[in-house]
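Reader: Could you take me through one part of this model up close? I'd like to start with a single helix and what surrounds it.

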Amino acid sequence: MADLSVEFSGLRLKNPIIVASAEPSNSVENIRKCIDHGAGAVITKTIGDIPGMRKLTENSKYAILNDKGTLIRGKVPRSFVFYSRSGYVTEPEQDWISYLKETQAYAAAKGSHIIGNITSGTVAGWRGLARMVEDCGIPMLEVNYQCPHPAELAAGAEGVWLAQDPKVTAEVTRQIVDAVGIPVMVKLTPESNRITEIAKAALDAGAASVAVNSRFVGFAVDIDKAEPYIGGPAGVGGPWVKYITQRWVNEIFDRFGCDISGSNGIFDARDAIEFIMSGAKVMQVGSVLMLKGVEWLPKVIEGIDRFLDEHGYPDLAAIHGLASKRALKTPAEMLSMEPLYCEIDRSKCKYPTCDICVRMCFYDSLHFGEDRVVTTPDTCIGCELCYNVCPFDAIRMLPKSERAETLAAE
């Protein structure tokens, strides 16, 4: 059995699966349930001092959409879209003092951890909430910057989120880090074209790690009713977004080599492994638990363990950042790749019943023949589109150097 434990921002986790700050972590009972089902850690739903965001939670709305943009109403497909509007925990922040103490004691007894997620509208509020969480014995903070700037730091910036401005991100992070002795993780927002720069600002200000990323804001339309689902703009995420999230995980890992928590896009163990190979050390799981139940957690954890064993990896460190380390980083490196050409296995090819490869070739390399697809390897650029669309596994891609050697031998 592979070792699933991981060192993350000073914490030793028994496995890399963390329950994200969401409805599955909005109460003592729910947090206990997540811990009982094997979570390496649980991040509380956001504890904040903005009354309007607590009120918003009492009016939460969800629309779970399929790939056609219609409500699922039944079995959840792997490609679901999670469209929702919610807020912070509904109780005042002081109520969570007892909740945090209780859940941390329970987590410690089970070999797990509680991570306190906080937000505020003022610098003083951030510092006070951070100290409150630390005083409850919580070993780590996650700061949720998806809220307006504190007024004294960005006058007139109402509605602009903290994590869109590197300078403000750095200053607020510095204030929070200064207020506590526990590690601070900054959750980044995809609603920025400066994510890597903002991550650096947070790290330079003392953050122990970054979470990549929170959800986008989207606009989903019910065309039959000619109106938006759940009334208007809302957070949007789901497994479809993982490739975008992993792009930023890869870039931040490649640039800084820092501790990263992957978030937004995880459905199962395969997704978690992709995040680890991209450079994340741990993964936050949220939306899928709201649709599959907390009972889904062991499936993800066991799936990671099974993958490592089947592929001969002794631990998570063996695959951490592996894909990012192997990624081509410059146009010159990409242009240096071995040229390929396509070869058709006539025993598998169903031409002329199927001719999709010819129709999908835009480089004049495949042509309609009388009884077979005519190939012209010299003009093939090795783009692999035909290889991807062939439904009969009749195409393989070979190095052009091997063809040259074969021709020379003939």
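Author: Sure, and keep in mind that this is a predicted model. Let's start at G38, which sits just after α1 and takes a positive phi of about 100°. Now step back into the helix itself. α1 covers residues 28-36, and its buried residues are V28, I31, C34 and I35. Those four span an arc of only 125° around the axis, so they end up on the same side of α1. What do the buried residues of α1 pack against? Their partners are three strands, β3 (17-19), β4 (41-43) and β8 (114-119), plus two helices, α3 (96-109) and α10 (297-310).

Follow α10 from there, since α8 (residues 269-278) meets it too. The axes of α8 and α10 come within 8 Å, crossing at roughly 60°. An angle like that falls outside the roughly perpendicular range, which starts at 65 degrees, and α8 and α10 are therefore oblique to each other. Their crossing is right-handed. On the α8 side, A269, A272, I273 and M277 make the contact, and α10 brings V300, G303, I304 and F307. Sort the residues of this contact by type and you get seven nonpolar, one polar and no charged.

One more spot to look at, if you've got the model open: S214, in the loop between β11 (209-212) and β12 (216-218). Is S214 buried or exposed? Its relative accessibility is 9%, so S214 counts as buried. Setting aside neighbours within four places in sequence, S214 is in contact with Q146, K187, L188, T189, P190 and N264.

How values were computed: Residues numbered from 1 in each chain as written. Predicted model: local features only at pLDDT ≥ 70, side-chain atom pairs only at ≥ 80, totals over all residues. Heavy atoms only, no water. Buried < 20%, exposed > 50% of the residue type's maximum accessible area, 1.4 Å probe, protein only. Arc of directions from axis to C-beta. Contact = heavy atoms within 4.5 Å. Axes fitted to C-alpha atoms, helices over the stretch in contact; angles between N-to-C directions. Parallel < 35°, antiparallel > 145°, perpendicular 65-115°, else oblique. Left-handed = near helix turned anticlockwise from the far one by under 90°. Nonpolar A, V, L, I, M, F, W, Y, C, P; charged D, E, K, R; others polar.
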